[in-house]
Amino acid sequence: FSCRVKAGTRFFEETADYGDFFQVVVDGDILQAYSPETTLATAPGQVQVRRPDGIGSTNQFCIRCPEPGLAVDISLDLNAEDRRKTVSWAFAAPEALGAG
């Protein structure tokens with residue numbers, strides 16, 4: 001599963017860059033979400049991904065951007081052998097910025 005989002009709606013003064021926080025939610029149920037095992041994950045593959053458990057979590061992934069409004073592809077790989085790779089994200093190709 002994957003989706004494309006525009007990231008960078010928040011400005012982080014401490015690092016002088018932009019970003020957004022997210023979880024991958026199943027069927028709109030916030031208690032059924034894929035989230036990082038730690039409080040915050042700022043890079044794909046950085047930490048183990050917590051699977052939906054019906055309890056939910058306040059832990060979030062964070063996409064960091066050098067500028068606002070960049071297109072980012074977020075992927076959920078349910079077959080990943082390494083749980084750090086269950087949720088990943090990457091900047092879309094520059095020509096994709098106007099899409100969506």
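Which residues does Ser35 touch, not counting residues up to four places away in sequence?

## Ser35 and its surroundings

In this predicted model, Ser35 touches Gln23, Gln48, Val49, Arg50, Ser57, Asn59 and Phe61, once residues up to four places away in sequence are set aside. Ser35 belongs to strand 5, which covers residues 29-36, and its relative accessible area is 1%. Because that value falls under the 20% limit, Ser35 counts as buried.

Two of these contacts, Val49 and Phe61, reappear further on among the residues that line the largest cavity.

## Pairing around strand 8

Strand 8, made of residues 60-65, pairs in the antiparallel sense with strand 3, made of residues 17-22, and five bridges connect the two. Within this pairing, Phe21 stands opposite Cys62 of strand 8.

Strand 8 also pairs with strand 6, a stretch of residues 40-41, but here the sense is parallel and the number of bridges is two. In this case the bridge partner of Leu40 is Gln60 in strand 8.

## The sheet of strands 1, 9 and 10

Three strands form an open sheet in the order 1-9-10, with antiparallel pairing. Strand 1 (2-7) and strand 10 (87-91) are the edge strands, since each of them pairs on one side only. From one strand to the next, the twist averages 25°.

Strand 9, which spans residues 70-76, runs antiparallel to strand 10 and is joined to strand 10 by five bridges. One pair of bridge partners is Val72 and Phe91, the latter in strand 10. In general, the side chains of a regular strand alternate between the two faces of the sheet.

## The loop residue Ala80

Between strand 9 and strand 10 lies a loop, and Ala80 is found in this loop. Which is Ala80, buried or exposed? With a relative accessible area of 16%, Ala80 is buried, because the cut-off for that class is under 20%.

Leaving out residues up to four places away in sequence, Ala80 touches Lys85 and Thr86. The C-alpha atom of Ala80 is separated by 30 Å from that of Arg10, a residue 70 places apart from Ala80 along the chain.

## Cysteines

How many disulfides does a search of the whole structure find? The search finds zero disulfides. Cys3 is accordingly in no disulfide, and the nearest cysteine sulfur, which belongs to Cys65, is 14 Å away. The relative accessibility of Cys3 is 39%, so Cys3 counts as partly exposed.

Why is the sulfur of Cys62 not in a bond with the closest cysteine sulfur? The closest one is in Cys65, at 8.4 Å from the sulfur of Cys62, and this is too far for a bond because a disulfide requires sulfur atoms within 2.5 Å. Cys62, the residue opposite Phe21, has a relative accessibility of 0% and therefore counts as buried.

## The internal cavity

Rolling a probe the size of a water molecule over the atoms shows where empty space is left. In this model, one cavity of 30 Å³ or more is present, and the largest cavity holds about 30 Å³ of space.

The lining of the largest cavity includes Ala41, Ala43, Pro44, Gly45, Gln46, Val47 and Val49, and it also includes Phe61, Arg84, Val87 and Trp89. Among these lining residues, Val49 and Phe61 are also contacts of the buried Ser35, which links the cavity lining to the residue with which this report began.

Conventions
Residues are numbered from 1 along each chain as its sequence is written. This is a predicted model: local features need pLDDT of at least 70, side-chain atom pairs count only at pLDDT 80 or more; totals for chains, interfaces and linings use all residues. Side-chain values use heavy atoms; hydrogens and water are left out. Helices (H or I, at least four residues) and strands (E, at least two) are DSSP runs, numbered from the N terminus. Buried means under 20% relative accessible area, exposed over 50%, partly exposed in between (1.4 Å probe, protein chains only). Contact means heavy atoms within 4.5 Å. Two strands pair if DSSP finds at least two bridges between them. Axes are lines fitted to C-alpha atoms, for helices over the stretch in contact, and angles run from 0 to 180 degrees between N-to-C directions. On a 1 Å grid over the protein atoms alone, a cavity is a set of points where a 1.4 Å probe fits but cannot get out, and a pocket is an open set with protein on both sides within 12 Å along at least five of seven lines; lining residues have an atom within 4 Å of a point. Grid points are joined across faces, edges and corners, and a volume is the space filled by probe spheres set on the points.
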